[in-house]
Structures are given as structure tokens and as C-alpha cells.
Amino acid sequence: MSQLNLIRASEVAGLPVVTIDGGEDAAEVKDVVYDASQHHLIGFTLNKRGWFRGSMKATLAADDVTGIGADAVMVPGEDCLTDQAAAPEALASPGADHDVMGNDVVSSAGIVLGKVIDVIIETGASPQAVGYEVETDDGSVFIPSSAQMGLSGENLIVPAEAEEFTRNDLVGFGASVGSFRDLIGDNS
Amino acid sequence: MSEHHMQPMIGQPVIAIDTAEEIGDVKHFVVSTDVSRVERLHIDGRKKNALFAEWASLESFGADRVMVTAADDPSESDDDRDLDAAKGNVELLGARVLDTAGFEHGTVSDAIFDADTGSIIAIITSEQVRVEQSHVHSLGSYAVVVADT
């Protein structure tokens, strides 16, 4: 079982994008681009830093990120920021079908657990989406994502195995995701 | 090797050996982007524009004074990194310490350098952690980036 360090996608927005080879804040995360149909973190749209804030044409692919921490998103160098025209379509023009926020979370047993309010991202050298924060009548809980989940744009269907690994705190969820992956044989 | 701490050198008078004249005070250490060495000193002198003394022109770092070989060695610069250093935009001492995983660890409170060669040996953080130069990636206007441990 492995313990993962996790962060909410909403907390990544606004973080500086800092270059490891130069110590410069090359950009700021504007938004997290997430493909909900594949439960896959695609990358980030960016804002400029400094006096002339505003949207940047460049984007940042998740594969080019070497670390996401509480204080910054780290990239090897400024050349990791890709011009929108050259970026993968999913990143340059994220579609509405990628949206999972506000979807009802329904268990495969037919019980509505709550609504998706955030995507949970694993930090570290290979950042990826690992689950969802779900608002329930009793507060928010965290549910691990898996390829077995179905998504319609209105409903997110959670397999029975995932319910067992639901946690109500992010630290506990880090260990839970590791156990869930061990169970389903996903060690990515 | 002659290890010196950088912080106590800030504000020390800079004296030219050839004229015995006081040129000014040490204002900043200009270090390379990879934080491997001190490239020059920014001297806060009597002139309006910033003066920089190249490492090769520095004779010694004493307990009370920094000595340069000749009074006319320090010169003005139009190099962007020098000017950023003079404005305090790129400054090792006081820089935010950020690791490669994206977590901050205070600021740089001091650095240790070899006065014989100008090589940076280590930085000391405000959390009293010594980070060897081999674990330091870069210094820019936003942060000094260190390896994730």
C-alpha cells in the first residue's frame, strides 16, 4: 500500500508555474483541464504573472510537470509552456464533455451519494487525477476514480468497490487511493 | 578552501589596494543562475549607477573589509542579471526557497562560499537547514530552487 500526497484541483488554480532551471515564475495556473470521461488530468491553462496579468496563449501539459506542491507547479524549463496552437486539442480547446463538476455521484447500487465539487490530484513527479471530492448531506467525502466509472455529464456512476475506499479527509484518502489501486491492480 | 559566510559581508566597506580608497559598500553578491559561483559583487558607491567588481578583481574577504585590486576595476554594467541583482530582483540572500516538488521552505538566510575560487558551497535557510550546492538547481527572480528531499 502506498501513501499519496494529494491536492484539490481548485487549490492548484492560482499557483505560480516555476522553472527548475531558472527559478522564474513563468506563468500562473488559470484552470485545470481534466478529461472526466477518461478520469485523466490533461494539463493547465495559464495566466500571465506580474503587472500584465491576463490569459496566456500558452498552455502546460500535465506530462511536462515535474511536481505540484502546495506552493507551486514545477516545470523543468520555460520551453514546457506550449503555444495553444501547438498544444493537443484536448488542452487547447477543452470540451464541455470533459466537465464533471456538479454531476450527481450514484453508486452502482442506485444510491445518490452527492455531487462532485472537486477533482483530487496526486502531487509529485507524475501528477494525475486520482479521485473526486463529493458533497453529501453529511459533509464532503473523497472517492477514488477508476476506469470502471461511467459518466454521462449528469451522473457519475461509482462501482461498489470504490465506496469501500471513500474517506472524509484528504490525508486518509491518500492511503485509501493506494489501497484501492492495489485492489484493482492499477499501480500507475 | 577558504569558507566564508555571505551575510556578514553585506555592508562591509570595499577598499582598493592600489589607492587605499574606499569605493563603497558590498550591496549584493551576483551569483550564477545555477548557483554554482559568485560572479561579481554589486558595490553601493558614490556614483549614481551601480558598480560591479568582477570576481577576478577581488583580492580578499577580510573580517572588516573587502579588498579589490584596483580602484578603477569596478565598473558599471548593462547585463540584465547584474541590473536585476542591483535592483534586488535576483538576490540569493532572502530568496524564497522552493523545492522541485513545489513546496516552500522559508528563505535563504545565508550562503557559504569559497573565497579562493568563488564557488558556492551551501545555502542556509531560515529554517536553519543547510542545503549543499549540489542540491541547488537555480536562482531566479521568483525563488532559489532546491532538490526535493
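Me: How many residues do chain A and chain B each bring to the contact?

Reply: Chain A brings 18 residues and chain B brings 16 residues, where contact means heavy atoms within 4.5 Å. Keep in mind that this is a predicted model, in which local features need pLDDT of at least 70, side-chain atom pairs count only at pLDDT 80 or more, and totals for chains, interfaces and linings use all residues. Residues are numbered from 1 along each chain as its sequence is written, chains are lettered from A and ligands numbered from 1 in the order in which they are written, and side-chain values use heavy atoms, with hydrogens and water left out.

Me: What area do chain A and chain B bury between them?

Reply: About 1,200 Å², with 58% of it on carbon and sulfur atoms. Buried area is the accessible area (1.4 Å probe) that two parts lose on being put together, summed over both.

Me: Which strands of chain A supply at least two residues each to the side that touches chain B?

Reply: Those are S2 (16-19) and S6 (67-68) of chain A, and S2(A) gives the most, with three residues. Strands here are DSSP runs (E, at least two residues; helices are H or I, at least four), numbered from the N terminus.

Me: How many salt bridges does the rule find across the interface of chain A and chain B?

Reply: Zero. The rule asks for a side-chain nitrogen of Lys or Arg within 4 Å of a carboxyl oxygen of Asp or Glu. Over all chains, though, a search of the whole structure finds 10 salt bridges.

Me: Why is the pair Arg8(A) and Glu11(A) called a salt bridge?

Reply: Their side chains meet at 3.3 Å, N to O, and the cut-off is 4 Å, so the pair passes. Side chains of opposite charge can pair when their charged atoms come close.

Me: Why is Arg8(A) called partly exposed?

Reply: Buried means under 20% relative accessible area, exposed means over 50%, and partly exposed is in between (1.4 Å probe, protein chains only). Arg8(A) has 21%, so it counts as partly exposed. Its partner Glu11(A), with 38%, is partly exposed too.

Me: What makes Asp25(A) and Arg49(A) a tie between separate parts of the chain?

Reply: Their side chains form a salt bridge at 3.0 Å, N to O. Asp25(A) lies in strand S3 (residues 25-35) and Arg49(A) in the loop between strand S4 (40-48) and strand S5 (54-61) of chain A, so the pair ties together parts that are 24 residues apart in sequence. Asp25(A) has 22% relative accessibility, so it is partly exposed, and Arg49(A), at 24%, is partly exposed as well.

Me: What about chain B: how far apart are the closest N and O atoms of Glu104(B) and Arg96(B)?

Reply: They are 3.3 Å apart, and the two residues form a salt bridge. Glu104(B) is partly exposed at 32%, and Arg96(B) is partly exposed at 28%. Elsewhere, salt bridges that share partners join Glu39(B), Arg40(B), Glu54(B) and Asp82(B) into one network.

Me: Why are S6 and S8 of chain A called edge strands?

Reply: Each pairs on one side only. Two strands pair if DSSP finds at least two bridges between them. S6(A) and S7(A) have two bridges, in the antiparallel sense, so they meet that rule. Along this pairing, Ile68(A) stands opposite Val73(A). The open sheet has seven strands, in the order S6-S7-S2-S3-S4-S5-S8, with mixed pairing.
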